[in-house]
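Subject: Structure for your files

Hello,

Here is the structure I said I would pass on. My notes on it follow below.

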Amino acid sequence: IILLGEAGSGKTTNLKNFTKRKLDSESEKLVLFTSLAKLYKDFNDDSLNEKLVSLILSLGSKAERRKIEGKLNVEETTIFLDSIDEAIPNYPTVINDIKNFSIKFPFVQIITSSRFTIEDVSSLGFSQISLLKFNRAQKSSFFNNWFVSLRC
C-alpha cells in the first residue's frame, strides 16, 4: 500500500498512527516503522532485508540475523517505510529494492508513503490511497485534537 499526499498532508502522522494501532492489536507480530532515507543512510547493507535486519539488531534484538530474516517471511509482518520520495534522490535503487524485497518476502505487508511527484510507484504494484487537502474546518479540528492528545 502506498499513501500519497501533498507535503504536510499527514502521511507520516498517519503511518505512525497505523503503526501504533498495529502494535497495540498484534503485539506478537513483527511491526516496523522507519524512514527509508534514514534506513539507507544508517545501514550500508546490500539488500533492503539486510538493512531491516540491521535496524532490528540496532534496536536491541538479541536474535540471530538468520532468525530475524526468517521472521520477515511470516504472514502478517508489517513494515512501514516512510517517505519513499525523500529516499529516491540519494538512493535511486530504493524502488527496485522494495520490488525485490516484496518478491523475496511475499507475505510481508509493506506500507509506504510519498508525495504525488514520484513516477515509478506504479511499477511496484502498490494499492494507492490518496490523502486530500484539509478544508478550514478539518484543519481546525485536526490541530485542536492534536494538542488535546499531547496533553494526555
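For the charge count, Lys and Arg are taken as positive and Asp and Glu as negative, while His and the chain ends are left out. On that basis the protein chain carries 21 positive and 18 negative charges, and the mean positions of the two sets lie 7 Å apart. Please note that this is a predicted model.

Overall fold. The protein chain has seven helices and five strands. Read from the N terminus, their order is β-α-β-α-α-α-β-α-α-β-β-α. The C-alpha trace spans about 50 × 35 × 25 Å along its principal axes. The radius of gyration is 16 Å, which agrees with the value near 15 Å for a compact globule because the chain has 152 residues.

Packing and surface. Of the 152 residues, 36% are buried. Among contacts with a separation of 6 or more, 70% join residues 24 or more positions apart. The exposed area of the protein chain is about 9,400 Å², with 52% of it supplied by carbon and sulfur atoms.

One residue in detail. R115 sits in the loop between β4 (109-114) and β5 (128-130). Its relative accessibility is 33%, so R115 counts as partly exposed, a class that lies between the cut-offs of 20% and 50%. Leaving aside residues up to four places away in sequence, R115 touches L4, G5, A7, K11, D85 and E86. I84 is 31 residues from R115 along the chain, and the C-alpha atoms of the two are separated by 8.5 Å.

Regards

Notes. Residues are numbered from 1 along each chain as its sequence is written. This is a predicted model: local features need pLDDT of at least 70, side-chain atom pairs count only at pLDDT 80 or more; totals for chains, interfaces and linings use all residues. Side-chain values use heavy atoms; hydrogens and water are left out. Helices (H or I, at least four residues) and strands (E, at least two) are DSSP runs, numbered from the N terminus. The radius of gyration is taken over C-alpha atoms; the globule rule is 2.2 Å times the number of residues to the power 0.38. Buried means under 20% relative accessible area, exposed over 50%, partly exposed in between (1.4 Å probe, protein chains only). Contact means heavy atoms within 4.5 Å. Accessible areas come from the Shrake-Rupley method with a 1.4 Å probe; for residues, only the protein chains shown count as cover. The place of a charge is taken as NZ of Lys, CZ of Arg, CG of Asp or CD of Glu.
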